[in-house]
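Thank you all for making the time this afternoon. Before I begin, please bring the model up on your screens, so that you can follow along as I talk.

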Amino acid sequence: MDITQTYPNPAGHPGSGILARLLAPFWKEQATATIANSSGNFRREAHIEERHDAVGSTAEAPALFSLHGIGKTFNGGVRALHGIDLDIREGEIFGIIGRSGAGKSTLIRTLNQLERPTEGRVHFEGRDLLALDAAGLRQVRRRIGMIFQHFNLLSSRTVAGNIALPLELAGAPGEDIKRRVDELLDLVGLTEQRDRHPNQISGGQKQRVGIARALATEPRVLLCDEATSALDPETTQSILGLLADINQRLGLTIVLITHQMQVIKAVAHRVAVLENGHLAELGAVADIFTAPKQPITRTLLQEVIGNEIPPGVRDRAARLLASGEGRIWRLGFRGESVDRPALTEAAERFGLKINLLHGYIDEIQGTPFGSLVVAASGTAEAIEAAETFIRSQEISLEEIRL
């Protein structure tokens, strides 16, 4: 059921429908900080401008969010989060992934305190959110935008009207609202759709409206709660491209949760993998893809890279191992090591016979990576020497025991 269709806001009373009243406090908290000064007069604080240097590298960027020992237990004793420790850096796209029920939505909602943790501390811009009173928390929430899986648009309002709503709730002058809405329509590519209603635009366009509305108040960070889960693959890529462009141009930190590793691969800089409320793995996306450490991570990666050895190949490899004539290696390549003829050189130098069983090569944000499963036959001494040589070429090597 679409609540905006069932409970539209009355004409001439922006934001007075049931959905608007539910969301108004959150929108108003975001809007007021950006457009109202201490004297009560309104001003246009900032405008959209490109920041080409914003994201070059986030490795040394300061933490925007710091989570320490975050736990959450719901009424009835259901434990959703267990001792989560992580930092989210300024200017990065940070992904949170896991199966359904892993705790992703609960975790992202602790960032703006829509869900208050029962254990641990959440710091935003150096401030402990759990130590703030209601007024202090309202001030912080003004700097945190959020978009949702099902868009949450008001059906009685046009595209432009939905984007303008947070600013109207804060009482901004009409001229400033129009200017800001025009900028955001251009940013998300919806200038020609400004006067259409939600039932006249596609799902992808609805999510673009949601993004524009979340950006209306110039937040420091954008939280994306399964923002592409309701979209088809082509539209998903379009929305992810828009988020990456916003991150690059505006230097906006983006936190997105998803159950699709393909989404992480497309745009994220770093990723946290959750399993049953625990932080299973955390690291740069390229590191997670090329050297996953936990079984849950390997399982989620199957969606993208198909790293599982096919049954027929596995049977042939098992027969080789049973004969005692060799070993099965899984080799991981990344960056320049993809182009090195390490296997050829190892075979020639140590007199090995090497057969390719399975493999792939792909790319993450301009960095090539790949994995090969090979069977190596030769003397034990030659195989051990070859393993040492291959690892010296910045190639990971794991012996597979079937």
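I will go through a sheet, then a pair of helices, and then the nonpolar cores.

Please keep in mind throughout that what you see is a predicted model.

Let me start with the sheet, which is an open one of six strands, and if you follow the strands across it you meet them in the order S6-S7-S8-S3-S9-S10, with mixed pairing. Which strands stand at the edges? They are S6, covering 144–147, and S10, covering 278–284, and each has a single partner strand, so one side of each is left without a neighbour in the sheet. On average, neighbouring strands here are turned by 15° against each other, if we ignore direction.

As general background, the strands of a sheet pair through backbone hydrogen bonds, and they do this in either a parallel or an antiparallel way. At one edge of our sheet, S6 pairs with S7, residues 221–225, in the parallel sense over four bridges, and there you can find Gly145 opposite Leu222 of S7. Helix H7, residues 203–215, packs on the sheet and touches both S6 and S7, while its direction makes about 170° with that of S6.

At the other edge, S10 pairs with S9, residues 270–275, in the antiparallel sense over six bridges, and His278 in S10 is the bridge partner of Glu275. The hairpin formed by S9 and S10 has two residues between the strands, and in this hairpin Asn276 takes a positive phi near 50°.

Now to the helices H13, residues 342–350, and H14, residues 380–392, whose axes come within 10 Å and cross at roughly 145°, the crossing being right-handed. Among the residues making this contact are Leu343 and Phe350 of H13, together with Phe389 and Ile390 of H14. What kinds of residues take part in the contact of H13 with H14? Nine are nonpolar, two are charged, and no polar ones are found there.

That brings me to the cores, and here it helps to recall that in soluble globular proteins nonpolar side chains tend to be buried together. The largest nonpolar core has 56 residues, of which Ile211, Ile264 and Phe289 touch the most other members. Leaving aside residues up to four places away in sequence, Ile211 touches Ile147, Val188, Ile239, Leu242, Leu243 and Ile246. There is also a second, separate core of 28 residues, and it includes Ile70, Ile96, Ile144 and Ile257.

Methods. Residues are numbered from 1 along each chain as its sequence is written. This is a predicted model: local features need pLDDT of at least 70, side-chain atom pairs count only at pLDDT 80 or more; totals for chains, interfaces and linings use all residues. Side-chain values use heavy atoms; hydrogens and water are left out. A nonpolar core is a set of buried Ala, Val, Leu, Ile, Met, Phe, Trp, Tyr and Cys residues joined through side-chain atoms within 4.5 Å. Buried means under 20% relative accessible area, exposed over 50%, partly exposed in between (1.4 Å probe, protein chains only). Contact means heavy atoms within 4.5 Å. Two strands pair if DSSP finds at least two bridges between them. Axes are lines fitted to C-alpha atoms, for helices over the stretch in contact, and angles run from 0 to 180 degrees between N-to-C directions. A crossing is left-handed if the near helix is turned anticlockwise from the far one by less than a right angle, and right-handed if clockwise. Ala, Val, Leu, Ile, Met, Phe, Trp, Tyr, Cys and Pro count as nonpolar, Asp, Glu, Lys and Arg as charged, and the others, Gly among them, as polar.
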